[in-house]
Amino acid sequence: MPLPEHGDPRATDEGPRPQQGRDTLARGRLLLALDALLTTRSVTHAAARLGLQASGVSRILGELRDALGDQLLIRSGRGLVPSPLAETLRPKVRALAAGIREVFEPEVTEAAPAAPFDHRWNVPHRVPVEPLAYRSSAPLHDAPFSRAPADRAEDVVSRSEPSRRLAYAIGLVGAGRGKSLDAEEAEFAMATILRGEADPVQIGAFFSFIQARGVTAMELAGFVRAARTHVNARLGHGSTIAADLDWPCYTSPKCQKPPWFFHAAQLVAQAGHRVVLHGSSGAGAVSGRFNVIADKLAIPICSNAEEVSYALSHRGIAYVPLAELSPQLFRLMGLYALTNTRSPVNELVHLLQPVPAKASLLGVAKPSYRELHRYAGGLLGIRDLAILANARDVAQFAPYHLTTIHRLVNGAPIDTLVASRPAPPATIRTSVTSLEYWQGVWSGSVKDRRAEEIIIATAAGALLTIWRDAQARYEDARDAAEALWRARQPESRSRSD
């Protein structure tokens with residue numbers, strides 16, 4: 001059949017195209033719902049993510065099953081488990097859903113990048129980091145189990161060496177049974193890994209099973225307790241060390257956006273609040289990025305409790321690199337380069353709080369993990385925290401998007417909704433490097449209202465968290481943050497080394 005000529009009405013009117021258009025619209029809606037279901041594995045959570053009633057999502061799931069001729073999600077003791085077909089569709093569905101969201105919610109450029117990109121942002125960590133500690137389990141290969149099956153679990157859990165007990169935990173969370181650990185079991189498992197007493201195969205299997213199934217709040221709390229014990233043994237704590245705000249900052253090595261949150265933290269410290277930043281920007285060639293940033297703002301870089309205590313007393317702010325806080329945790333996070341998969345370590349560091357603090361400010365990118373972190377924080381005894389719902393795993397506000405702050409205030413969960421602000425015109429600068437641009441915004445030599453809004457909004461989130469008041473309003477915190485921005489005292493270093 002020849003193609004219709006230009007202007008031929010058949011080009012738009014012929015055939016079943018109106019029906020095809022309606023089908024396409026309906027299928028787009030179904031795909032977004034399927035993406036939410038596959039991500040959350042829960043009708044209730046998917047409904048919350050989509051802004052629908054659970055009954056509506058259940059009906060959509062029925063439509064999906066009819067349309068694709070497959071169960072897609074099968075109910076089990078672990079919730080909804082994807083069918084083999086659903087697993088094969090997952091990457092394509094995720095990409096399509098992300099494309100739809102990108103059209104209607106495009107990522108706002110935080111500030112015009114300097115040209116060319118300044119590679120001084122990315123430098124290796126200058127202090128040598130110990131290799132990942134582990135112990136081969138070869139001597140265990142011939143170790144016998146108890147003869148009586150009924151006694152086997154007790155023998156493994158109560159009397160065996162750590163590697164054997166860890167093996168039992170791996171068996172519990174493994175694909176065959178998929179059970180969850182209680183806090184004590186999770187704490188022991190992570191402590192074994194952090195002490196270097198686990199076999200590399202055990203580390204990989206344990207993290208893979210946990211990540212595939214999804215970590216529970218109880219497990220996360222146990223992991224954090226083990227990590228805190230491990231870190232405290234290395235960092236040491238003086239009797240007087242304390243902070244007003246704990247600010248974890250863990251970003252992907254691929255992230256090249258300016259870390260405006262460092263400026264916000266500096267504002268909060270200049271207001272008289274003691275702030276402890278701790279974090280990592282990845283391993284290898286980018287592992288020293290935040291060290292460079294902290295140094296440019298004259299923020300003390302600390303490796304032990306004595307240095308942190310001095311920094312808080314004299315500067316009101318300190319940065320503790322994960323590589324020095326815990327080489328073992330640093331190396332475990334670096335396993336991402338080998339597996340291209342996150343592990344429970346990527347989640348526990350947000351609640352690590354290496355220095356006792358009155359409140360914590362977190363950024364959690366995955367929607368399903370925000371409530372997880374808040375609940376686990378409560379299990380850990382954290383009474384006051386705030387979780388910014390944004391696109392990165394660090395607390396940096398995105399003021400040009402509707403933002404939810406998931407809070408704990410005196411142990412009670414509170415959600416604060418912050419309306420989006422109109423985005424000012426982008427500022428384009430080509431005469432300075434990206435690092436100079438970032439410094440210039442703080443010193444005032446570069447005028448970029450977009451960047452200033454991000455800094456002010458982030459500082460407002462920090463102040464709201466520090467106030468620990470359920471009646472406090474974000475708008476009041478923002479007014480206070482803007483006043484701090486106007487009265488700031490630029491103290492960044494002028495040297496470029």
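A residue is called buried here when its relative accessible area is under 20%, and exposed when that figure is over 50%. Keep that cut-off handy for the tour, and remember that you're looking at a predicted model.

**Stop 1: Arg478.** Select Arg478, which sits in helix 21 (residues 474-486). Is Arg478 buried or exposed? Its relative accessible area is 6%, so Arg478 counts as buried. Now show side chains and pick Glu453: a polar contact of 2.6 Å links its side chain to that of Arg478. Leaving aside residues up to four places away in sequence, Arg478 also touches Arg421, Arg449, Ile456 and Ala460.

**Stop 2: the whole chain.** Zoom out and switch to cartoon. The protein chain has 21 helices and 9 strands. It runs to 497 residues, of which 49% count as buried. Of the contacts with a separation of 6 or more, 71% are between residues 24 or more positions apart. Turn on the surface and you have about 23700 Å² exposed, with carbon and sulfur atoms supplying 55% of it.

**Stop 3: helix 13.** Select residues 305-314, which make up helix 13. Start at its beginning: a side-chain oxygen of Asn304 comes to within 3.2 Å of the backbone nitrogen of Glu306. Next, colour the buried residues, namely Ala305, Val308, Ala311 and Leu312. Look down the axis of helix 13 and these buried residues fall within an arc of 125°, so they line one face of the helix. The spacing fits a general pattern: an α-helix has 3.6 residues a turn, so residues three or four places apart point the same way. Flip to the other side of helix 13 and you'll find Glu306, Tyr310, Ser313 and His314 exposed.

What covers the buried residues of helix 13? Add helix 10, strand 3 (243-250), strand 4 (275-280) and strand 5 (317-321) to the view; they are among the covering elements. After helix 13 comes Gly316, with a positive phi near 75°.

**Stop 4: helix 10.** Stay with one of those covering elements and select residues 217-235. Helix 10 has 19 residues and spans 26 Å from first C-alpha to last, close to the 27 Å expected at 1.5 Å a residue. Step past its end to Gly236, where phi is positive, near 75°.

**Stop 5: two cysteines.** Finish with Cys249, which counts as buried because its relative accessibility is 0%. Then pick Cys302, also buried, at 1% relative accessibility. Don't go hunting for disulfides: the structure holds 0.

Key
Residues numbered from 1 in each chain as written. Predicted model: local features only at pLDDT ≥ 70, side-chain atom pairs only at ≥ 80, totals over all residues. Heavy atoms only, no water. Helix = DSSP H or I, 4+ residues; strand = E, 2+ residues; numbered from the N terminus. Expected span 1.5 Å × (residues − 1). Disulfide = S-S within 2.5 Å. Buried < 20%, exposed > 50% of the residue type's maximum accessible area, 1.4 Å probe, protein only. Contact = heavy atoms within 4.5 Å. Areas by Shrake-Rupley, 256 points an atom, 1.4 Å probe, with all protein chains shown as cover. Polar contact = N/O pair within 3.5 Å; in protein donor to acceptor, adjacent residues only side chain to side chain. Arc of directions from axis to C-beta.
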